[in-house]
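Good morning, and thank you for making time for this. I would like to walk through one chain from the outside inwards, so please have the structure open in front of you.

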Amino acid sequence: MASAKEKKEIYKLWGEGFPHLSTFSPTAFYMTLDIAVIGIKLIPLIGGEEYRPHLMCFPLWKENNKMNMDESIFMQQMYNAKKLQLDVSYLANLDTIKKSIDLTKKQIGACVQEYVPVKDLFEIFKWQFSYILVQSSPILQSKLLEYELMIALYINNPSFINEVKNEITRISKKWDPKLFEWKNGKIENWRIQLFDRLDNREAFLEQVQKNLDEGKIAKLLRSHMVY
């Protein structure tokens, strides 16, 4: 069994492997990306001596940072060379840890840099929509679509905004109301309220800035989207 000191050294290696991320907690390394917090979290497997690295993403447009960090927009698991979930033993040697870091960089490295192309973020979204769990959950889909629209609102390109709006309408019309309304209410009302936010860009930007400047979020390295 790995000691607390050994685990601390492992976490340090992961943090050093991603220089654009800041230490948010011993097992989480994040940065701000204009309107969101994004980065890597090492999640221990229950009852075992292994952990899994995940790409995590949280909003910055909610009322406060407690609400922002309570629920992720998405989690992206990593894969090994055999296309299986990347499990790393706490007892792994240094070479294995470095290989795991390199595998993670190859999969999501473009999204944890100082400048992140929007197209690379949307590739992650596309990847998310390919998951069976996401395909079967309008709730999970709605969080991804909301983030897409907030990105478009931030970029403020009319063509891009219309493209995302059309995607949201197309996808949300296919949802089973029973799987959505228990949490978010009527689908049509959700869509209207979401699109109404396009008329309040200044308030959106003010809320994001307020959250960027508060608490632990203010201490994170800041990166920016490139459209």
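Let me begin at the surface, where the accessible area of the chain, computed by the Shrake-Rupley method with a 1.4 Å probe, comes to about 12,100 Å², with 54% of it belonging to carbon and sulfur atoms. I should say early that this is a predicted model, in which local features need pLDDT of at least 70 and side-chain atom pairs count only at pLDDT 80 or more, while totals for chains, interfaces and linings use all residues. Residues are numbered from 1 along each chain as its sequence is written, and side-chain values use heavy atoms, leaving out hydrogens and water.

As for overall dimensions, the C-alpha atoms fill a box of roughly 50 × 35 × 30 Å along the principal axes.

Moving inwards, 46% of the 227 residues count as buried, meaning under 20% relative accessible area with a 1.4 Å probe and protein chains only.

What does the largest nonpolar core contain? It has 74 residues, and those with the most contacts inside it include Trp 14, Phe 74 and Tyr 147; such a core is a set of buried Ala, Val, Leu, Ile, Met, Phe, Trp, Tyr and Cys residues joined through side-chain atoms within 4.5 Å. Helix 6, residues 138-155, supplies the largest share of this core, nine residues.

Finally, if we leave aside neighbours within four places in sequence, Trp 14 is in contact (heavy atoms within 4.5 Å) with several residues, among them Phe 29, Tyr 51, Pro 53 and Ile 101. Across the chain, of the contacts between residues at least 6 apart in sequence, 60% join residues at least 24 apart.

Conventions:
Buried < 20%, exposed > 50% of the residue type's maximum accessible area, 1.4 Å probe, protein only. Helix = DSSP H or I, 4+ residues; strand = E, 2+ residues; numbered from the N terminus.
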